[in-house]
Amino acid sequence: MILVLLGPPGAGKGTQAALLEKERSLVKLSTGDILRAAVAAGTELGRKAGDIMERGQLVPDDLVIGLIAERLDTGSGGNGFILDGFPRTLAQAEALDRLLKERGQQLDAVVEMRVDDEALVRRITGRFSCGSCGEGYHEDFKMPKVPGACDRCGSKEFVRRRDDNEEVVRQRLQAYHAQTEPLIAYYERQGKLKTVDGMADIKEVHQAIARALDGGVG
Ligand code: AMP
């Protein structure tokens, strides 16, 4: 199965992708995670993308399309892939259709997670993660059970993304509305779009996604 999670920054795509990954033996492909790793490693890709990401803008289509093409070819997809944060422009969506067709595959479903902008700003500015294993947390919704220690690995080091501050979040939301939102109509035309309410809590959203995927409701 090849699945796209579509939605604004902070909608919970990464969280839901991680749950689906575990439950359905899919491999999560997050262009944001791949780019952040490249920035941290100081690779050429990282140098090209780093400043753009810090401004909350989209990195050029050819860079991210190349990344996805590479990953699709590694063949480590298990039962398939969940794409988180890709595609984000019409050119990327068209390239994805082409890449999958060349490989004899096709997109099964696109799940749009709908959340309003003001909720997103708070969701993003309150989030942080374990610096060691990457487990995600939030000041309002999910603090570590033992204060100061990661639930999963016990590490005491937590990190925040450099682009998770209010000014950059607003820019990222603007990029979403201008460049990514048109994909909703694109996938609706293909009959692949399923929309869920992303305002509910993590578990409820997960259940809504499962229903949308298994029950085929739009
Ligand atoms: P994310 O972790 O998905 O919020 O992505 C963080 C940042 O990485 C974005 O604000 C963009 O600068 C960049 N990025 C991630 N995915 C893409 C993409 N598909 N196209 C362009 N830029 C991307």
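A residue counts as buried when its relative accessible area is under 20%. By that criterion, 46% of the 218 residues in the protein chain are buried. The structure is a predicted model, and the protein chain comprises nine helices and eight strands. Its radius of gyration is 17 Å, close to the 17 Å that the globule rule gives for 218 residues, so the chain is as compact as a globular protein of that length. A ligand is present, with 16 residues surrounding it.

**Overall fold and surface**

- Taken along the principal axes, the box filled by the C-alpha atoms of the protein chain is roughly 50 × 40 × 35 Å.
- About 11000 Å² of the protein chain is exposed, and carbon and sulfur atoms supply 50% of that area.
- Of the contacts in the protein chain between residues at least 6 apart in sequence, 68% join residues at least 24 apart.

**Ligand environment**

- Among the 16 residues around the ligand, the closest are Thr31, Arg36, Gln57, Gly85 and Gln92.
- Sorted by class, this shell consists of six nonpolar, five polar and five charged residues.
- Helix H2, which spans residues 31-41, contributes four residues to the shell, the largest share.

**Polar contacts and burial of the ligand**

- Glutamine 57 places a backbone N or O atom 2.5 Å from an oxygen atom of the ligand.
- Valine 59 also approaches through its backbone, with an N or O atom 3.1 Å from a nitrogen atom of the ligand.
- Glutamine 92 takes part through its side chain, where an N or O atom is 2.9 Å from a nitrogen atom of the ligand.
- The ligand taken alone exposes 480 Å², of which the protein buries 96%.

**The N-terminal residue**

- Methionine 1 is located in the segment before strand S1, which covers residues 2-6.
- The relative accessible area of methionine 1 is 35%; because this value falls between the 20% limit for buried residues and the 50% limit for exposed ones, the residue is classed as partly exposed.
- Leaving aside residues up to four places away in sequence, methionine 1 touches Leu26, Asn79, Gly80, Phe81, Asp108 and Leu213.
- Isoleucine 65 lies 64 residues from methionine 1 along the chain, and the C-alpha atoms of the two are separated by 19 Å.

Methods: Residues numbered from 1 in each chain as written. Predicted model: local features only at pLDDT ≥ 70, side-chain atom pairs only at ≥ 80, totals over all residues. Heavy atoms only, no water. Near = heavy atom within 4 Å. Polar contact = N/O pair within 3.5 Å; in protein donor to acceptor, adjacent residues only side chain to side chain. Areas by Shrake-Rupley, 256 points an atom, 1.4 Å probe, with all protein chains shown as cover. Helix = DSSP H or I, 4+ residues; strand = E, 2+ residues; numbered from the N terminus. Nonpolar A, V, L, I, M, F, W, Y, C, P; charged D, E, K, R; others polar. Rg over C-alpha atoms; globule rule 2.2 N^0.38 Å. Buried < 20%, exposed > 50% of the residue type's maximum accessible area, 1.4 Å probe, protein only. Contact = heavy atoms within 4.5 Å.
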